[in-house]
Every structure is written in C-alpha cells, then in structure tokens.
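This report goes through a few local features of one structure. Please look over the sequence and the model before reading on.

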Amino acid sequence: MCGIVGFTGEQSAAPILLDGLKKLEYRGYDSAGIAVMDHGCISVNKVTGRIANLCEKTKDGTAVPGAAGIGHTRWATHGAPTEENAHPHLSNDGRFAIVHNGIIENYLSLREELIKDGYHFDSETDTEVIVHLIEMYYKGDMRDALIRTTNRLRGSYALGVICSEEPGKLYAVREASPLILGVGVDENYFASDVTALVNYTRNVIYLEDGEFAELSGNSVKVFDCLGKPVEKKVSRILWDVQAAEKGGYEHFMLKEIMEQPGAVKATISPRIKDGKIVFEELKLTAKDLLRIRKIVITACGSAYYAGCAAKYALEKISHIPVEVELASELRYSDPMIDNHTLLIVISQSGETADTIAALKEAKARGARTLAIVNVVGSTVAKLADNVVYTWAGPEIAVATTKGYTTQVAVLCMLSVWFADMMGIEDENYPKYVKELQALPRMIQHAIDMNSSIPALAKKYHDSKSLFFIGRNTDYAVSLEGALKMKEISYLHSEAYAAGELKHGTIALIEEHTPVIALCCNPAIMEKTLSNIVEVKSRGAEVLALTFRNNQKIVSVADDLMFIPKVDPLFSAVVEIVPLQLLAYYVAKENGCDIDKPKNLAKSVTVE
Ligand code: F6R
C-alpha cells in the first residue's frame, strides 16, 4: 500500500522525507518520489523501484534544498509503475504538489471535465485530478481550495499538499485512509503510518475522516470539513520502532487479517455505482458472455480455494457451469477448453509459475481469459485478456488472508455482473448488491464476535490432527481453513465434505479428536448437524462455526466461533475470518514463525 510523509521546519526536508519513506518500505511499493519547496519553487524528484534509487538521484537528499516537503511510496493501482505515475503530482502551473493514498472513485468524470477546462494530464493516475482541482479552486486561500476540492471527490484519500505561494506550509487531508500528524519542536510532520515518525517525535495527532490540517514549523491547526477549527488531543506513541512497522501488531498476518474490512471495501465499493455492479475494466460484452458454455477457474493454493468457494454463487446466479481446476493439474491435463470457455485465473502475486502456465495453455486453446490479481502489472495481469484487480494492498505475511477474501469478493460480484450482462432477470439483484456492500461490515463483526479464539487456541494447539468439515460453501471454506492451520501452525489438518466422513475418514476420529464444523448455511444445517452428532458419538471434540442464535448447533457443539448472518452464496468472505484467527493463535501458542512459515515462499515462481 502507498505511504505518505511530510516535513516542515528549519532543517533540510529531503533527507528527513527519504528517511521516512525508508521506514514505509515494508508496506511494499514500486516507485517513490519527493517534492520540496524552496524560495517559491517546488522541485519534484521521482523514481521507479527502490528508495535507494531516489537517494542516489538526490544525493541522499543533499541535492534538494528546502525546509518543507512531501514524499510518497506508490503501490500501483491506476496506471503502471512508471515515473510519470509516481507521486508527487504537480499542477499544470507548478504551484501545487500532492501525494495521495487511496482511490478516487469518480476520477474518470473529473478527468474529462478538467480536460474540457484546458488542464493537461501527465499521468494515468486517479490522483492527478486532485492537484488540478486544487489549482482550479485556489484563489489565494488554501483552506478554501481544499474544501472545494474534497467536496468534488468520491472515494478514499489521505492527501499531503504543498503550495509554492505558502512557504513553509504543509496541508494534510484525511478521508477513509490513515494520516497522522507528528508534533515536534520547531518542526512538524505527517505520515500515513507512525513508523515514519517515531525517529523524530512520539507526539502525534490522529486525524479523523473529514478533517484537514495546516502545518508550519511552529504550528499545527486542524479543521473540520467546513473549515471550522477543531481542538485535537496530542497522543504519545509508546510502541517500539519495530512494532510500529507492523502498525502495532505482533505479526503482519494479524495486521492483514484486521485489514480485511478495508481491503474488501476497497475492492467492492468502487465497483458499485448507483446500485449497479460495474466492471469498467472488463472488455466482455453481453454477446461474449452469451457465447460462453462454461467457466473454468484455475489457480493454486488459497487462490484455488477462492475459486472453489465462489463456484456456488457463479453457478446459481449466472447459470453458467463452472469447473475449478488446480493450475498445476490443468496445465498437463489436455483440458477441454475452447473458444466457448471463459478461463478465470486467480493469483494474488500474479507471478505463480503453474498459474501462468495454465493461463497460457487456455489461451492457446482459444479461451477468453479473465485474471483476478492483486499485484498491478504482474505477469498474469499482463497475459490475460481482461484483468480485475483486487485492491487488497501488499500482502507481506506468506499465508494469504486479505488476498483470499478480496478474490472471493470479486468472484461474487462477477456472478451478479455476468447474470445482469446476459439479461437474466433476477428479483434478488438489489438484495445481492446490498449483501455485497455489507460484506466489509460483516467481516468486522466476525472479528469482533470472536474474542474467545485465543482461549480456544490454548485448548486445541497441541492436537495431533484437526479435521475441518462442512457442506457446499462451508466445505470450500473448510479447505482454506485447514490450509491456513497447517501452513502456519504445522499441525496436521484436513478438510472433508461433511457427508464424506462415513466413507472412510471417520475411522480416524477418536476420543478428543478436534473436528471444526462449519455450519453457516441454513438450507443444509440439519445435514451437517447429523455429521456433528456422528463424530461426537465417537468422542470428537467439536468446535463449530455458526450464527450466534443457531440454538441447534450451539447446544450440541463443545466450543463455538461465530459469524453474523450472511447470504450463504457470499458467506465465504466472512466465514474464513474466524478460521484465520484460529490458525494464527494456534501457531502463536506453538511458537511458530507466523509470517514466514518454514519451507514456504510468498510467490511461487517455479513449478
Ligand atoms: C496460502 C497461500 C498460497 C497461495 C498460492 C497462490 O496461504 O498463500 O497457497 O495462495 O501460492 O499464490 P498466488 O495467489 O500469488 O498465485
């Protein structure tokens, strides 16, 4: 995810900005830049790749004079990772520079309007519209220009702004993207993450959504969205520097689990406009979709399980038959794929060797291809005919969490979009849209409802084997839950379709064998309940995942985890969250290296 820093004071700004950017490197980025103000001029330096390149270009900042400036690390979203697309962006008249984290959802219409008004664009970013709006609205009063500009923006943004006519001043704006002010002695700062500040000051002010700040070397003023001054409390950071790099979390995995409401929101909300699901990035027409006889989903690991979970929604809502194939199998299976097939390929990294090979194989057989990818500009994204990006931000922990949930969210949205594009009349359409919009909130509830998971982990952490069972989507989520458990806690864990137990696996159930039973689909609840009774009568300890008021399951299970009520077609996005937390806390109990499990790599670029 992108990072922001800002500094104003008496010292040279560039070295401090570069140091702050280095502290934000862990978030992942593909380009970086700084803009520094000196004697009424703004100079901008940008590079692709590492901060080291920016240090080299600016001689560690010593070649850039000026005591106020802003800096940015960019994780490409709109537009490839190039110097033009890197931040800071300058206004056409060179008087304003900005850095931005977040996504401007209405940037296309603003861009068109600004082009008509004579502004030219140097980048493909959504961000650039903001700096041109500021130029348009600035009539000698930055606060007024910022209020007018932000009134025009839809989406999420943390902004850092400088104006050459206001020497020594920085402006910071926050809306649904983190931004923190650092209060020093004769110097002040802002950053998207305290990591960039703790070397300089531990006194911080947390901006709220809708607030903006004006900083100079010796003053910090905060205003609400109407420009009324707001009294803010200065808080003291007590974390050590290393902990702050994980945003205060002990592990990246836990941080990424907690980021899921935001990641899923960033993935879903720009694609719902006026109550309709829209995929502006897709080149598939109604005619193309009506020619499709089947969808083949291919991927590896958790991305494959995301496909397994979404198969139910895709078939039920879009009425297109779906096959889900492991990429490592599909590539060597002489697959029945032709020009009536839509191949959906899923990959967080976009660099997984087997996934790339399966995609190439399907293309060679004439399939239309659509990739669901997190890393912008990755190989899978480049090879596929169509790309839908998940906006999960960089995933650092090896075990995927927000990568998986955002993938399933995209597939659920595609189910509804395909059906709508193909003219399938569905009275449930408005309900589906509402359910999808509610998913980020439901994930947050699932996190909040499960404070007992650390205690459950203490009970189950030294089990020999764990079995996960469920039916339909519950089964698909069990597969991912069992994978999470085995890869980070090294416990043997297997997922079974609940109805399959008595065809063999039940032989392994003995006194105190943990069985994690997923029961989140009311239509088949009774069936899974029978399987719970079967394993319990052989001594199993049942940890059930269900709704809080589901008395039938609550009364029979030994232990419980909960989710809020969600349409079973989309519930995988929510159901997986308690299982991620369970795996995390079991691994923690077992003293495992959670973010870097043994033998595993984040991106599997070899076969
Ligand atoms: C498990 C995990 C892996 C990946 C798989 C595919 O937690 O992260 O199973 O899902 O290696 O990786 P991508 O999605 O990058 O293609």
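## Ligand surroundings

A polar side-chain atom of Glu487 is placed 2.5 Å from an oxygen atom of the ligand. The model is a predicted one, and the distances and angles in this report are computed from it. The backbone takes part in ligand contacts as well: a backbone N or O atom of Gln348 lies 2.6 Å from an oxygen atom of the ligand. At Val398, a polar backbone atom is 3.4 Å from an oxygen atom of the ligand.

There are 14 residues around the ligand. Those that come nearest are Ser347, Gln348, Ser349, Thr352 and Glu487.

## Helix 17 and helix 20

Glu487 falls within the range of helix 17, residues 473-489. This helix packs with helix 20, residues 572-589, at an angle of about 20°, and the two axes are 9 Å apart. An angle under 35 degrees counts as roughly parallel, so helix 17 and helix 20 are roughly parallel to each other. Helix 17 passes helix 20 in a right-handed crossing.

On the side of helix 17, the contact is made by Thr473, Asp474, Val477, Glu480, Gly481, Lys484, Met485, Ile488 and Ser489. Helix 20 contributes Ala572, Glu575, Ile576, Leu579, Gln580, Leu582, Ala583, Tyr584, Val586 and Ala587. Sorted by class, the contact of helix 17 with helix 20 has 11 nonpolar, 4 polar and 4 charged residues.

## Helix 14 and helix 15

Helix 14 covers residues 402-421 and helix 15 covers residues 429-448. They pack at an angle of about 160°, with their axes 11 Å apart. Because angles over 145 degrees count as roughly antiparallel, helix 14 is roughly antiparallel to helix 15. Their crossing is left-handed.

In this pair, Cys412, Met413, Val416 and Asp420 of helix 14 meet Tyr429, Tyr432 and Leu436 of helix 15. By class, the contact of helix 14 with helix 15 has 6 nonpolar residues, no polar residues and 1 charged residue.

## Helix 4 and helix 5

Helix 4 (residues 128-137) packs with helix 5 (residues 142-152) at an angle of about 130°, and their axes are 8 Å apart. That angle makes helix 4 oblique to helix 5. The crossing of helix 4 with helix 5 is right-handed.

The residues of helix 4 in this contact are Ile130, Leu133, Ile134, Met136 and Tyr137. They meet Met142, Asp144, Ala145, Leu146, Arg148, Thr149 and Arg152 in helix 5. The contact of helix 4 with helix 5 divides into 8 nonpolar, 1 polar and 3 charged residues.

## Backbone features in two loops

Where does Pro88 lie? Pro88 is in the loop between strand 4 (68-74) and strand 5 (89-90). The peptide bond from His87 to Pro88 is cis, with omega near -5°.

Lys59 is in the loop between helix 2 (51-57) and strand 4. Phi of Lys59 is near 50°, which is a positive value in a residue other than glycine. Strand 4 thus borders both loops, the one with Lys59 and the one with Pro88.

Definitions and conventions
Residues are numbered from 1 along each chain as its sequence is written. This is a predicted model: local features need pLDDT of at least 70, side-chain atom pairs count only at pLDDT 80 or more; totals for chains, interfaces and linings use all residues. Side-chain values use heavy atoms; hydrogens and water are left out. Axes are lines fitted to C-alpha atoms, for helices over the stretch in contact, and angles run from 0 to 180 degrees between N-to-C directions. Helices (H or I, at least four residues) and strands (E, at least two) are DSSP runs, numbered from the N terminus. Angles under 35 degrees count as roughly parallel, over 145 as roughly antiparallel, 65 to 115 as roughly perpendicular and the rest as oblique. A crossing is left-handed if the near helix is turned anticlockwise from the far one by less than a right angle, and right-handed if clockwise. Contact means heavy atoms within 4.5 Å. Ala, Val, Leu, Ile, Met, Phe, Trp, Tyr, Cys and Pro count as nonpolar, Asp, Glu, Lys and Arg as charged, and the others, Gly among them, as polar. A residue is near a molecule or strand if one of its heavy atoms lies within 4 Å of it. A polar contact is a pair of N or O atoms within 3.5 Å; within protein, one must be able to donate a hydrogen and the other to accept it, and residues adjacent in sequence count only if both atoms are side-chain atoms.
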